[in-house]
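Student: I have a protein to look at and some terms to sort out. Can we go through them one by one?

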Amino acid sequence: MTPRATGRVTACTTADARARLRKAQSFVTGAELVLELGEETGLDLPAVAAALSVLAGIAAADAACCSALGERSRGQDHRQAEQLVATVLPHGPQMAKDLTRLLERKDNAHYGVISTTEQEARDMLGWAKRLVGDAQRVLDR
């Protein structure tokens with residue numbers, strides 16, 4: 001049996017899971033649209049897409065946890081969310097890995113002075129999309 005995550009959690013329902021999944025899907029769509037705009041704007045759009053990908057991953061993890069466990073992480077430390085989503089079967093370990101990858105880049109995407117490259121933003125979007133797909137499969141069970 002996988003050990004339970006420690007930290008602050010809050011109860012949630014299947015309706016909450018569906019709402020968080022819709023939010024995750026919206027963030028993914030936003031990231032895709034931002035990347036499509038390309039470089040012609042002169043803005044740091046890869047960083048925006050990366051930030052949206054992080055938000056998508058967090059929302060997808062919440063959706064999976066709400067659906068499978070009836071609770072989601074509410075702690076200030078997002079690493080607690082990694083531990084909790086890892087307990088979701090059968091996709092938890094992969095979801096935790098993808099969430100970890102996103103969270104490792106969160107500070108730079110949201111607050112960093114170092115620009116996110118387009119390739120890094122695309123990688124992050126891929127991890128977020130996989131998280132959303134895995135969360136959808138958890139909800140579909």
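Student: How many Å² does the protein expose, and what share of it do carbon and sulfur atoms supply?
Tutor: This is a predicted model. The protein exposes about 7,400 Å², and 52% of that is supplied by carbon and sulfur atoms.

Student: What makes C12 and C66 a disulfide?
Tutor: The cut-off is a pair of cysteine sulfur atoms within 2.5 Å. The sulfur atoms of C12 and C66 are 2.1 Å apart, so the pair counts as a disulfide. The structure holds one disulfide. C12 lies in the loop between β1 (9-11) and α1 (14-37), while C66 is in helix α2 (residues 45-69). They are 54 residues apart, and the pair links distant parts of the chain.

Student: Why is the disulfide of C12 and C66 called left-handed?
Tutor: Because the torsion about its S-S bond is about -110°.

Student: Why does C65 not form a bond with the closest cysteine sulfur?
Tutor: The closest cysteine sulfur is in C66, 7.2 Å from the sulfur of C65, and that is too far for a bond.

Student: Why is C65 called buried?
Tutor: Buried means under 20% relative accessible area. C65 has 3% relative accessibility, so it counts as buried. Both C12 and C66 are buried too.

Student: How many helices and strands are there in the protein?
Tutor: There are six helices and two strands, in the order β-α-α-β-α-α-α-α along the sequence.

Student: How do you know that the protein is as compact as a globular protein of its length?
Tutor: Its radius of gyration is 15 Å, and the globule rule gives 14 Å for 141 residues. The two values are close, so the description applies.

Technical notes
Residues numbered from 1 in each chain as written. Predicted model: local features only at pLDDT ≥ 70, side-chain atom pairs only at ≥ 80, totals over all residues. Heavy atoms only, no water. Helix = DSSP H or I, 4+ residues; strand = E, 2+ residues; numbered from the N terminus. Buried < 20%, exposed > 50% of the residue type's maximum accessible area, 1.4 Å probe, protein only. Rg over C-alpha atoms; globule rule 2.2 N^0.38 Å. Areas by Shrake-Rupley, 256 points an atom, 1.4 Å probe, with all protein chains shown as cover.
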